[in-house]
Amino acid sequence: MPAPAQRRIIFQHIDEPGYTNDLACYLRHGGYANLRQAVTRKPEELIDEVKKSGLRGRGGAGFPCGVKWDLVDRKSGKPIYLVVNADESEPGTFKDRYIIHQDPHQLIEGIMITCFANNVKQAYIYIRGEFPEGARILEKAIAEARAGGFVGPNILGTGYGCEIYVHRGAGAYICGEETGLIESLEGKRPYPRIKPPYFPAVLGLYQCPTIVNNVETLCHVKKIVEIGGEAYAKIGTPNNTGTRILCVSGHVQRPGYYEFEVGKVTLGELLNEVCGGPLPGRRFKAVIPGGSSAKVLRFGERFKGKRKIGNDLVDYDWGVEDVPMDFDCLAMIGSMGGSGGVIVMDDSVDIVAALANINEFYAHESCGQCTPCREGSLWMKKISARMVHGEARTEDGALLKSVADQIAGRTICAFGEACSWPTQSFLAKFGDEFKAYPESRKAAAAPAVPLA
Amino acid sequence: MTSPAKTELVTVNIDGKEIAVPKGTNVIEAARLVGVDVPHYCYHPKLSVVGNCRMCLVEMGMPAVDPATKAPVMDPATGCQKINWIPRPQIGCATNASPGLHIRTQTPQIRDCREGVMEFLLINHPLDCPICDQAGECKLQEQSTGYGRGYSRFVEQKNVKPKRTQLGPRVTLDDERCILCSRCIRFSKEIAKDDVLGFIDRGSYSTLTCYPGRKLENNYSLNTVDICPVGALTSTDFRFKMRVWFLKQTNSLDTESSVGANTVVWSREGVIYRITPRRNDAVNDTWMADSGRLLYKAVRAESRLTAKDSLAALLARAETILRLSPGLAAVVGSGQSSVEEQFLTRQLAHALNAPAYLVSRTAEGDGILVSADRNPNVRGALVTGLVSDLPQPYLDDLGEAIDRGDVRTVVSVGEDLMAAGLSATQLAKISVIQLGTQVCASSVAASVVIPTLTVFEKAGTMINQQFRLQRFAKAVAGPVGAFDDLEVLARLIAAAGGPAEPSDLAGVWTRLAAEIPALRGLSYAAVPETGVVLDASPWASLPFVEGESLHHRPALVAASA
């Protein structure tokens, strides 16, 4: 069966010749029509549409967007803030930056609809420090939108006003964690907050109720308002509605970003057909399906169990290639859809070195607030780096896993899982390579890396 | 006056033990009440909760209820309500008591969590306990013994960080020992209101430091040393001086102002090495000012007064002077004396039929733990009847009396008359019997100097700004040639022809309890460690100089509010 065709909703105009990121072009393509329509409706209706749509957050956790909005404390009398998480920092993920660079008004329209629906008067776009160009484009786009009456004190003559501010981060992965982001936005070190009591929906930015949504999620909100929640829910698969942008990087013929209906494409179709398969003479060895913190999958392993389709429990017996790319199926096989960053490794990859690379990243990015992640991430980095640099011991694999086990589930934020899942899964799937590593390092010379 | 709101009690279950605690009490404190130790580093009862050390992880559960009917779900095995345990461990410091909360601290998972956190805290810690000042009072040592694995799996290089940063004039930082609990940062921000500390860099390379161009030099900086659970922050004064396990601890008071912060004096073989705060939730919480910690330096100061003569010889000379000009004496008492001494000072004034003065000592209060009244015990002088009004800024009245020739002899109980406002000319006109511990203009001019004891060398009580009667105990013996204040005063009374007064604490307290209405029924031994608040109504209209500070709202301020 050939791979299904892409369905570009969010990336409809990305890379389209002649499509520019200015307001005029956006308006020519029907821009802000959804906002015009939205402000004539009741805010509760809009929230209902999003709830009906079944939209799940595209930032990583896949939390239902409508539920998130529902949790917001609307009785406190405090202002409600919207914070747009444009910190896109999970390695292997590069979707939000294309929206920001090439179609910023789509995001702004999504933001304004969300703000109107939730009675938000101030929205902040927290954009990562490494996106200076993106920040400039957003500033320009917001200025244009303000001039056009889409942002500002009196939106489209309705009397409803809302401002958007762009806040640039200073280059830290942890600023993608919503409470760390909020701290950073408040001008402090981005130390994630303890939950309870600091749930953003109640005690968020400046201790006010706050909605934190990913860039792609807000673009979906715009689409939902356009076609209606029920129509949107028909896209994709049940409980995994809509489309999703998959960012494929690594050892495939055609890496890049692809937008599919969620769950309609399998990992095998994506890699072999859409991305053209492995590089010449190579075979796939491993794939991380949802950004570098997701658990790795090893080609050749099989996943068996029962899953619910409609009202029936159906047996499944999948190889890695057979797994549908949706939140639930990837969770079922012990990994996650995460941020949609698919990282592919072929048989040229030294799996210990790959883990060392990931560990280095997480050790560098641990904020240092709580003990297990702060000390554990650097320890794992030190162990794996030492292994790669020739002093591997047979017991190092077991030690790595034990260290990772001491982190996950015991930290303030999800970084604990993010930094320990790679180690745990690499050891679970490739434990043999770790065990054999000291010997293999003695025997083999460093493999020559072909330069493309 | 409004009565404090009744706190709602909730019953929680910790390791199978049920206890009722005020709603909102956190698990660490609740566990303490049932004798269960929940180890922790970053949590401090007087600071905000950050939950960063992860040492206090516990298992938490709530009684199960049917989601639809809200009826309790019973466990057929036990016959009790089923408990839904949260699979992930929770931090005790941020988990507050709610009805039916169940906590387990002794499960394999929690043991593993604690071993894990201990191991993580130690891998980059220098383990230089043999040369570390914190050894003996180090939470890392204690909890590693109690909850650690006892062996190391770490074969990598440890992180390298600055070893001896002078954060300020009194605090030295060893960053390698720091476990990044942020207690000192929170203290500086929340209590001292001097937000100078912070972390730079990130991850395991995070480093505690001062804001560029600033110093940790506020008058509360040494509290950061007290609350540092490890040997990262050390007192520059105490560093490398003494092992803490050799030191004797004596409960005392900070006498630098009328706040009366509770303290512990640490001494060995008659030498004091440091003073630290003692917790009193009604007075100073767990804090004290740096200035109060240096008071012990007076004990062995160059200027310390001692006598070569015996007390009997000194008293004989004093008696001669007192007899020279009967009826023309004055007594200058001190707000730095203890209640007992002030009582005997009053008795001395009675015996001499002389007016009693008190020396005022005021300066700006800091709104925290140093009040505007720098005398620790002005209220003692009021309560004992030594004086009936607040002291004047200077002894002008006494000066005029001297100038008129109404006063020819002054007994100064520990006060420098010159500093208190008398001129050299006035001093020259009178005979001074000076009691005291330090050389001063007054002692130089005095006819008789009777050296006495510092607050660390005797016991007694003082009454702070809240009219709280508090005890201090004797930490070290006084030097040769200095005499106990009570004995000196009792014998001076006798020399002045007064009645026999007791010269020991218990004896004076028998007199106090009988004679002073506010102290009726009390005894020295009966005063609790946290003090006892006296009835202040007789003095309610006096314009006390203290402003608002930690746990103190002046009556006048409170009334006008």
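## Exercises on a predicted model

The accessible surface of chain B amounts to about 23600 Å², and carbon and sulfur atoms hold 55% of that area. The structure is a predicted model, and the exercises below refer to it.

**Exercise 1.** Determine the overall dimensions and the secondary-structure content of chain B.

*Solution.* Begin with the C-alpha trace of chain B, which spans about 90 × 55 × 40 Å along its principal axes. Next, count the elements: chain B contains 15 helices and 22 strands. Finally, consider burial: of the 561 residues in chain B, 56% are buried.

**Exercise 2.** Establish whether Gln347(B) is buried or exposed, and identify the polar partners of its side chain.

*Solution.* First, locate the residue: Gln347(B) lies in helix α8 (residues 339-352) of chain B. Second, apply the cut-off: the relative accessible area of Gln347(B) is 8%, and buried means under 20%, so Gln347(B) is buried. Third, examine the polar contacts: the side chain of Gln347(B) pairs with the side chain of Arg346(B) at 3.0 Å and with that of Glu501(B) at 2.8 Å. Fourth, set aside neighbours within four places in sequence; Gln347(B) then contacts Ile493(B), Glu501(B), Arg511(B) and Glu515(B).

**Exercise 3.** Describe the largest nonpolar core and the surroundings of Phe426(A).

*Solution.* The largest nonpolar core comprises 85 residues; among those with the most contacts inside it are Phe426(A), Phe434(A) and Leu208(B). Helix α17 (residues 415-443) of chain A supplies the largest share, 8 residues. A second, separate core has 64 residues, including Cys25(A) and Met112(A). Beyond four places in sequence, Phe426(A) touches residues including Ile288(A), Met345(A), Leu355(A) and Phe434(A).

Notes: Residues are numbered from 1 along each chain as its sequence is written. Chains are lettered from A and ligands numbered from 1 in the order in which they are written. This is a predicted model: local features need pLDDT of at least 70, side-chain atom pairs count only at pLDDT 80 or more; totals for chains, interfaces and linings use all residues. Side-chain values use heavy atoms; hydrogens and water are left out. A nonpolar core is a set of buried Ala, Val, Leu, Ile, Met, Phe, Trp, Tyr and Cys residues joined through side-chain atoms within 4.5 Å. Buried means under 20% relative accessible area, exposed over 50%, partly exposed in between (1.4 Å probe, protein chains only). Helices (H or I, at least four residues) and strands (E, at least two) are DSSP runs, numbered from the N terminus. Contact means heavy atoms within 4.5 Å. A polar contact is a pair of N or O atoms within 3.5 Å; within protein, one must be able to donate a hydrogen and the other to accept it, and residues adjacent in sequence count only if both atoms are side-chain atoms. Accessible areas come from the Shrake-Rupley method with a 1.4 Å probe; for residues, only the protein chains shown count as cover.
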